[in-house]
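Trainee: Hey, got a minute to go through this one with me? I'd like to see what we can read from it.

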Amino acid sequence: MPYSEKMGSATLTMSGKTRDECKRKLYEMYGEDYTLLSTRPKLKGGFLGLFQREEVEVEYVLTEKRVRQDQGYYSAQNPQRPSASPESEFMRNQDAILHRMGESSEFSAVQLSQMSKVVQTQMTDFYKHIQKNDQIKHASIRRIEELLEQNEFTASYIADISGRMQDISLNMLDDFEKVQSTVVDWIGESIKIAPEPPFHCPSVIVIVGPTGVGKTTTVAKMSADIILSAKDYNDHHPDSPRPQPKVHLITADTVRVAAAEQIQHYADIMNLRVASVKNAEELERLYKDFGESYDYIFIDTAGYSPNDVEHIAKMHRSLDVRGMRPHVYLAVMAGTKARDLERIMRNYESFDYKSVIVTKCDETSYFGNIISVLWEKKKSISWITYGQEVIRTMRRAHPAWFLTRLEGFSVDRAHIDDKFGKESLEEK
């Protein structure tokens, strides 16, 4: 800038090649309505300590008459004093630097390379500064944010992805396909998949969650998966068959009408035993009587409103059986709003569930809510279920399953398989 000033301040400054040049500029701007206070030399411009030039900076004040005139002009006619944007000022400085480069006959290739790197760095820093102050955003960032919103990711998740994109180079941001592929990788990396728990006999699986998420159906699906997997193995290995796993079903749901009848219906189809318990004492007695006789024991629980903390705590106490060591899964419905998911997960924390089963995945097309909240809560996904049928309507969770269902994103399946491993296409 040729000069800088602060309206309403007593002392102003002006820079020029010489003192006389500054005085000439001041006269052109203010006539005789100024008083010169001091003069001092200063160095300006240059990069890496090169090509700096000496200038003169003068301090001056305007006469009272001139101050009143200027203040009246800016308050009455221009309420906001016009100022150069950071971007335009940066570009002017860059043009001046390049002009000096062209005038210099002493410029070496190495210096030119250094200068180019510095200019690129300053442009990148400038752009990041602008983005972080929400003045502008690169078109690729805005487009990704829109796609994430479309897929119902939470604001905090979108903000995290947006912040990471601001660290991408400008050249890469201009290539939307690369940006998109990178963001899809980030989403996949944020999906934590639970490993299958180690088996110990009996393996006790407890499904908890609010009402209406399909806990009873999920118990039936998991039981059917164990039975069918064993049958499939024996069909393919007739010379070395394995014993059919022994599965027992227990319902602790004494709230929902016909809950016992529903799970009994599933048990009859699979030729399994089922029992009903009302409290921890009854469950403990059952577990002691026949627990060691079974490979798997599935416990279906009552569903309550996520806000019914009292009954949720009571149900937790009813499952407190010494030596049982259950694997607890929280069942949540895929289409649940993010805020409700957060509340459900928070209110079921007392069960110390390590993983989540996402149910009714066929009833929504958007999974950003699930991905976001699980990422924020640092929880993993174990299974996904879909449909009302019991057989072949659940599968182990995998990042690729979610990534290939992102609306509006172009997903390279070969790349996803290479990065996250191939998803098993077998439906349980």
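Trainee: Which residue takes a positive phi just after α1?

Mentor: That's G31, with a phi of about 65°. Keep in mind that we're looking at a predicted model.

Trainee: Okay, and how many residues does α1 have?

Mentor: Helix α1 has 12 residues, running from 19 to 30. From its first C-alpha to its last it reaches 16 Å, close to the 16 Å expected at 1.5 Å a residue.

Trainee: Which residues in α1 are buried?

Mentor: C22, L26 and Y30 are buried there. They sit on the same side of α1, because they cover an arc of only 40° around the axis.

Trainee: And what about the other side of α1, buried or exposed?

Mentor: Over there, D20 and E28 are exposed.

Trainee: Switching topic: how much space lies in the second largest pocket?

Mentor: About 410 Å³.

Trainee: Which residues lie nearest its centre?

Mentor: E196, D225, I226, Y296 and W383 do, out of the 17 residues that line the second largest pocket.

Trainee: Where does the largest share of that lining come from?

Mentor: From α9, which gives four residues. Helix α9 spans 215–236, and it's one of the elements that each supply at least two lining residues, along with β5 (203–208), β8 (296–300) and β9 (327–333).

Trainee: What's the lining of that pocket like by class?

Mentor: The second largest pocket has 10 nonpolar, three polar and four charged residues in its lining.

Note on methods. Residues are numbered from 1 along each chain as its sequence is written. This is a predicted model: local features need pLDDT of at least 70, side-chain atom pairs count only at pLDDT 80 or more; totals for chains, interfaces and linings use all residues. Side-chain values use heavy atoms; hydrogens and water are left out. The expected span of a helix is 1.5 Å times one less than its number of residues. Buried means under 20% relative accessible area, exposed over 50%, partly exposed in between (1.4 Å probe, protein chains only). The arc is that of the directions from the helix axis to the C-beta atoms. On a 1 Å grid over the protein atoms alone, a cavity is a set of points where a 1.4 Å probe fits but cannot get out, and a pocket is an open set with protein on both sides within 12 Å along at least five of seven lines; lining residues have an atom within 4 Å of a point. Grid points are joined across faces, edges and corners, and a volume is the space filled by probe spheres set on the points. Ala, Val, Leu, Ile, Met, Phe, Trp, Tyr, Cys and Pro count as nonpolar, Asp, Glu, Lys and Arg as charged, and the others, Gly among them, as polar.
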